[in-house]
Amino acid sequence: MDGSARILPDRLNSGFSSLIKSWETLLLAVAIAVFIVNTFTSPYFLDPWNLSDATFNFTEKAMIAFAMALLIISGEIDLSVAAIIAIASTAMGYAVQLGAETPTLVLVGVGVGLACGAFNGLLVTRLGLPSIVVTIGTMSLFRGLAFIILGDKAYTGYPADFAFFGQGYVWWVLSFELVLFVIVALIFAIILHRTSFGRTIYAIGNNPTAALFSGVRVQRVKFVLFLLTGLMSGIAAICLTSRLGSTRPSIAMGWELEIVTMVVLGGISILGGSGRIPGVVIAALILGMVTFGFGLLNVPGIVMSIFIGLLLIGVIALPRVLSQLVKAKAQ
Amino acid sequence: MNMQRLMKSRELLLALALVLLVGGIAVRFPAFASPSSLGNVFNDTSILIILALGQMVVIITKCIDLSVASNLALTGMIVAIINASAPGIPVAFLIVIAISAGALMGAINGFFVWKLEIPPIVVTLGTLTIFRGIVFLLTDGAWINAHEMSASFKALPRADFVGLPVLSWIAIAIIGVMAVLMTRTAFGRATYAVGGNPHASVYTGINVGFTRFAAFIISGSLAGLCGYLWVARYAVAYVDIAGGFELDVVAACVIGGISIAGGIGSVAGAVMGALFLGVIKNALPVINISPFWQLAISGAAIIIAVALNARAERTKGRVILKKAEVV
């Protein structure tokens, strides 16, 4: 984990041979394997409506995972995302009690998300605090505020047209959330891989000091990334609240770990500086299909989590074991 | 030495905050500060203290162990199952089993960090879900209730010894052992060196990977011990015991001034950090505030603590860079 030299090439992952060896290819193979296994183990898997339902397993988490990926590439992390969902959802529920309509609710959700992201960002960039500790703190703080406001109660009574974000369909089996997921994935892929802002994120993750001396406003970029993560958490809060139709303070409990798992599985180095959006997309699909496939087989959620834990460690350990074996042979 | 003075002042500050907290509550509710009440708070916080001490060693070596609460749940379930099916096995033997099972889980974490160099946060995030999943597999989600446990199994943590429950004495003993380990042994020095500057430690002949491996085993064994203590104290074992407790443990360390960047921290800090959270938790019902406030208060405490500690840690060598950032 200590500063092994990394090279920052002019172009990332060009050429056919590197494509074959790339993380995304490995992930895609795993995804296809999961898909085939699911198809054979359950007759209900290949139904379009079932598959469409299955996408709800990952769309909300994945939308946050994209922003989290950028943040982790820059060398920071945000463990408060699920707590931001809780407080944003609570705020929307509170607004409903005051008679707010759907447009206002969306503004409230997005606004609270941005405010929480800005709070994290200010603590990390202005006070220079380690993000893992700050966001463990704000994770308790944000969810704690939701608990203070709601206690053991729940907010319901969301307006009927608010249900569209989490339950609506754009065309046939294409849900609004799935379409939003695709759009968000494209936007983040373009930001990270096709803009100079994206390049600076890699530069910061690889060597913040060198980035600073190259004229990159390191702290400002990091602040924007925290803001972006807050924004995506707010949007996810809107979708999830709309899908559930109610708000409890325990909403989205434990999601932060699932989202980090998704990002790391997607090939984003937890040490920062490397990783790509397509990997995160495939990782989201794998996790969604595994959850859905196990669900069809009536496997309890906690057993799925064992599998996801093993997948996380296994997928990261395997290349390292192989490279160590190759090294041992060469000697 | 300047460094040591800094450490001392940090612990002094924390002790002062703790005294002010208890004193502030005692002004309106004098009963809270009575010796027996404070004894209860300490006893109630004992498990958090033990876990925080294990976590402290890991964090000082620049790692983190998020799997401690799952480790606790799994070892607790293992000893509860053994006790329920074979009540004749002496409790002392069960404690040995608990510590060994915990140590094994710590060794698994440590192995991945040491030999495969996987970042500790990834490894323990994975084992966090795996260990807790195994608890479910062991019993299919069933509970082991008080009536299935033997009387001696449940009695030990509560048993009175010279005015304090055994649980408190165990915490005190572990505080003593850890204080000696961290300040009076080569291993203790090595953990600070590994966390402070891993590269320099390699050149001084310290095995960085092995030191981290050992730190994970210590954290795992203490979590295992706490598994027995938790299940015996609350007289119930189920899948979700101590769910999310790993964050309380990390929070106790952070409040106690243990730097997440490694190399800085002390036993006294970890103990006081845990006590700080323990006092808040026990004081809320006394001062008639809804327990729903606890989460937000500890969150705010973490942020304030880390902000204060970062101020003290800031080194002068970096000033040039800070200036450049302002531009």
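pLDDT is the predictor's confidence in each residue, from 0 to 100. The structure described here is a predicted model, and the predictor gives the complex an ipTM of 0.81 and a pTM of 0.86. In chain B, pLDDT stays under 50 over residues 316-327. For this stretch of chain B the model has 6 contacts beyond four places in sequence. Over the whole of chain B the mean pLDDT is 89, with 93% of residues at 70 or more. Chain A has a mean pLDDT of 87, and 94% of its residues reach 70 or more. Confidence within chain A is lowest in helix α1 (residues 16-21), where the mean is 54, and highest in helix α12 (residues 218-244), where it is 96.

Helix α12 of chain A has 27 residues. The distance from its first C-alpha to its last is 39 Å, close to the 39 Å expected at 1.5 Å a residue. Gly245(A) follows α12(A) and has a positive phi, near 75°. Helix α9 (residues 176-194) of chain A packs with α12(A) at an angle of about 170°, and the two axes are 12 Å apart. Angles over 145 degrees count as roughly antiparallel, and α9(A) and α12(A) are therefore roughly antiparallel to each other. On the α9(A) side, the contact is made by Glu177(A), Leu180(A), Val184(A) and Phe188(A). On the α12(A) side, Leu228(A), Met232(A), Ile235(A), Cys239(A) and Arg243(A) take part.

Leu186(A) is also found in helix α9 of chain A. With a relative accessible area of 52%, Leu186(A) is exposed. Leu186(A) and Val216(A) are 30 residues apart along the chain, and their C-alpha atoms are separated by 25 Å.

Helix α15 of chain A covers residues 301-330, 30 residues in total. From its first C-alpha to its last, α15(A) reaches 43 Å, close to the 44 Å expected at 1.5 Å a residue. The helix α15(A) bends by about 30° at Ala317(A), and the proline Pro319(A) follows within four residues. Ala317(A) is one of the buried residues of α15(A). The others are Met304(A), Ser305(A), Ile306(A), Gly309(A), Leu311(A), Leu312(A), Ile313(A), Val315(A) and Ile316(A). Elements of both chains contribute to the cover over these buried residues. From chain A it includes α2 (23-41), α13 (255-265) and α14 (277-296); from chain B it includes α4 (91-115) and α5 (120-139).

Helix α14 of chain A, part of that cover, is itself mostly covered, with 14 of its 20 residues buried. The 20 residues of α14(A) should span 28 Å at 1.5 Å a residue, and its end C-alpha atoms are 29 Å apart, which agrees. Asn298(A) follows α14(A) and has a positive phi, near 60°.

Most residues other than glycine have a negative phi. Trp172(A) is not a glycine, yet has a positive phi of about 45°. Trp172(A) is placed in the loop between β1 (169-171) and β2 (174-175) of chain A, and is exposed, with a relative accessible area of 52%. In chain B, Asp140(B) has a positive phi of about 60°, although it is not a glycine. Asp140(B) lies in the loop between α5 and α6 (151-158) of chain B. Its relative accessibility is 64%, so Asp140(B) counts as exposed.

Two buried helix residues, one from each chain, were also examined. Thr90(A) is found in helix α5 (residues 81-97) of chain A. At 1% relative accessibility, Thr90(A) counts as buried. Beyond its neighbours within four places in sequence, Thr90(A) is in contact with Ala146(A), Ile149(A), Leu150(A), Tyr155(A) and Thr247(A). The C-alpha atoms of Thr90(A) and Leu145(A) are separated by 9.1 Å, although the two residues are 55 residues apart along the chain.

Leu72(B) is found in helix α3 (residues 68-85) of chain B. With a relative accessibility of 0%, Leu72(B) counts as buried. Not counting residues up to four places away in sequence, Leu72(B) touches Ile47(B), Leu51(B), Ala223(B), Cys226(B), Gly227(B), Trp230(B), Ile241(B) and Ala242(B). One of these, Leu51(B), is 21 residues from Leu72(B) in sequence and 9.4 Å away in space, C-alpha to C-alpha.

Notes
Residues numbered from 1 in each chain as written. Chains lettered and ligands numbered in written order. Predicted model: local features only at pLDDT ≥ 70, side-chain atom pairs only at ≥ 80, totals over all residues. Heavy atoms only, no water. Helix = DSSP H or I, 4+ residues; strand = E, 2+ residues; numbered from the N terminus. Expected span 1.5 Å × (residues − 1). Bend = angle between axes of the 7 residues up to and from the residue. Buried < 20%, exposed > 50% of the residue type's maximum accessible area, 1.4 Å probe, protein only. Contact = heavy atoms within 4.5 Å. Axes fitted to C-alpha atoms, helices over the stretch in contact; angles between N-to-C directions. Parallel < 35°, antiparallel > 145°, perpendicular 65-115°, else oblique.
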